[in-house]
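Subject: The structure we talked about

Hi,

Here is the structure I promised to pass on. Have a look at it first, and then read my notes below.

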Amino acid sequence: MAVKYIPEPFRIKSVEPLRMLTREEREQKIAGAKYNLFGLKSEDCYIDLLTDSGTNAMSLEQWAGIMRGDESYAGASSYYKLIDAGRDIFNYGYIQPVHQGRAAEKVMMPLFLCKGKFAVSNMFFDTTRAHVEIAGAHAIDCVVKTAKDTSLRVPFKGNMDVERLEKIISEHGKENIGLVVMTITNNSAGGQPVSMQNMREVSAICKKYGIPLDIDAARYAENAYFIKRDEHGYRDVPVKDIIREMFGYADMFTMSAKKDTIVNMGGLIGVKDANSPLILKIKANCISYEGFYTYGGLSGRDLEALAIGLYEGIDENYLRYRVGQMEYLASRLDDAGIAYQSPVGGHGVFVDAAVMFPQIPYNEYPGQTLAIELYKEAGIRSCDIGSYMLGNDPDTGEQLRADFEFTRLAIPRRVYTQAHLDIIAEALIEIQARAKQIKRGYRIIWEPPILRHFQAQLEPVSS
Ligand SMILES: *Cc1c(COP(=O)(O)O)cnc(C)c1O
């Protein structure tokens, strides 16, 4: 039976009309986009679950803040409001705005990584991995084994495998590990959270070997909510205190604010130690790549909305509703026997397309195949988080095989209602019923060398 839907802790003041094309039109549109969902126009999508990044609905306080934004080049009041909020929530000495998460990565990665070095993470997000590689280093994923069994319902499947982390450090030599990155929540494993216990252990290992520890913090608030809900000893601890403890174990963070901070554009870098020599280097890189360090590639109004969103994103009533949406959608899939990364994570449902289409091999992209079917079925735009996204081995050029073949249904924050979630569930149930008739997947006919999934062109493999 479906879990009870937790009602929205807000009402709607401004609406955006949606349009559903006919099946025939949808089939034409997706073929015209070369079977790449990033190539569709948003107006041709009925429900857009491509990403939860920057697709959030802002509050009336944030929209009011947009008018208050101070557009001064240097030292704007909106900048001070933002860094006060950042220091308060994370208890860090230095906060640097940037225009989005990958900008934070571009500024930070070259300060720790170069040719011959390694970076280890519970799992690298695609742009984070790309910036490790652009800096000349190698990225190693080190997630716990439980993450790889999508049907195994245990908490904190986003954790780092700490035994393996120590092995990797001793194999490559601690002096060659430039950085450890803890991604919270673990996006690529399905929005799975990391426990405080695991963070503590990883922090102890990094201190022991003198390796800096960075938090990739895009979904830190959802992660803190899971700790409160599921980790022993945290039920009565306020989310903000959980966040402060979590960040206290790291040296710095890089963040896409387009996720849990509920804005449409923005990012942050944080450094715990206000006297760290790193700060001057961050400012210098920021000035070259992003703009002067008091605006970091953002308008004053963006800084203002970000400062307000930082607090709205950690509100516990909001977080209960937010994670409740995932639980509701996941429970509808449970009722239909549709496999997904379970227990459900914080920002979406990651449907296990390899289970839905066992007949489609990894190099015909089951996750992408299901994403295309969902668009044809009901105008729902989702994306592949699998071998199609992972790409080719940079040394051999061969297609890599991902640990998972997911179709990600990312849920934008404060945007869709229970009725929309029902339509998504019903579309998946329809596809599941005819899954056996879908015999082959897709092949790539053109691809760029990095981050190919945004631009690649595909065609159906004919059987
Ligand atoms: C979105 C995301 C990024 C990159 O952020 P952008 O704002 O899209 O540039 C990095 N890491 C994680 C875990 C993310 O989810």
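Let me begin with one residue, Asn186: its relative accessible area is 0%, so Asn186 is buried. Please keep in mind throughout that this is a predicted model. You will find Asn186 in the loop that runs between strand E5 (177–183) and helix H7 (196–209). Apart from its neighbours within four places in sequence, Asn186 has contacts with Asn122, Met123, Val143, Gly158, Gly191 and Gln192.

Ala189 sits in the loop between E5 and H7 too. Its relative accessibility is 0%, so Ala189 also counts as buried. Leaving out residues up to four places away in sequence, Ala189 touches Met123, Ala147, Gln341, Phe404 and Phe406. One pair here is worth displaying on your screen: Ala189 and Asp403 are 214 residues apart along the chain, yet 9.0 Å separates their C-alpha atoms.

Now for the wider layout. The domain assignment divides the protein into domain 1 (23–52 + 315–460) and domain 2 (61–312). Taken over C-alpha atoms, the centres of the two domains are 26 Å apart. Domain 1 gives 33 residues to the contact between them, and domain 2 gives 38 residues.

Next, a pair of helices. How do H8 and H12 lie relative to each other? Helix H8 (residues 220–230) packs with helix H12 (residues 316–336) at an angle of about 85°, and their axes are 10 Å apart. The two helices are therefore roughly perpendicular to each other. On the H8 side, the contact is made by Ala221, Glu222, Tyr225, Phe226, Lys228 and Arg229. H12 brings Glu316, Leu319, Arg320, Arg322, Val323 and Glu327. Sorted by character, the residues of this contact are five nonpolar, no polar and seven charged.

Last comes helix H14 (residues 366–378). With 13 residues at 1.5 Å a residue, H14 should span 18 Å, and this agrees with its end C-alpha atoms, which are 18 Å apart. Is H14 enclosed or open? Of its 13 residues, 13 are buried, so H14 is largely enclosed by the rest of the structure. Just after H14 comes Gly379, which takes a positive phi of about 70°.

If you open the model, the loop with Asn186 and Ala189 is where I would start looking.

Happy browsing, and write back with any questions!

Best wishes

Methods:
Residues numbered from 1 in each chain as written. Predicted model: local features only at pLDDT ≥ 70, side-chain atom pairs only at ≥ 80, totals over all residues. Heavy atoms only, no water. Axes fitted to C-alpha atoms, helices over the stretch in contact; angles between N-to-C directions. Helix = DSSP H or I, 4+ residues; strand = E, 2+ residues; numbered from the N terminus. Parallel < 35°, antiparallel > 145°, perpendicular 65-115°, else oblique. Contact = heavy atoms within 4.5 Å. Nonpolar A, V, L, I, M, F, W, Y, C, P; charged D, E, K, R; others polar. Expected span 1.5 Å × (residues − 1). Buried < 20%, exposed > 50% of the residue type's maximum accessible area, 1.4 Å probe, protein only. Domains from an automatic or database assignment.
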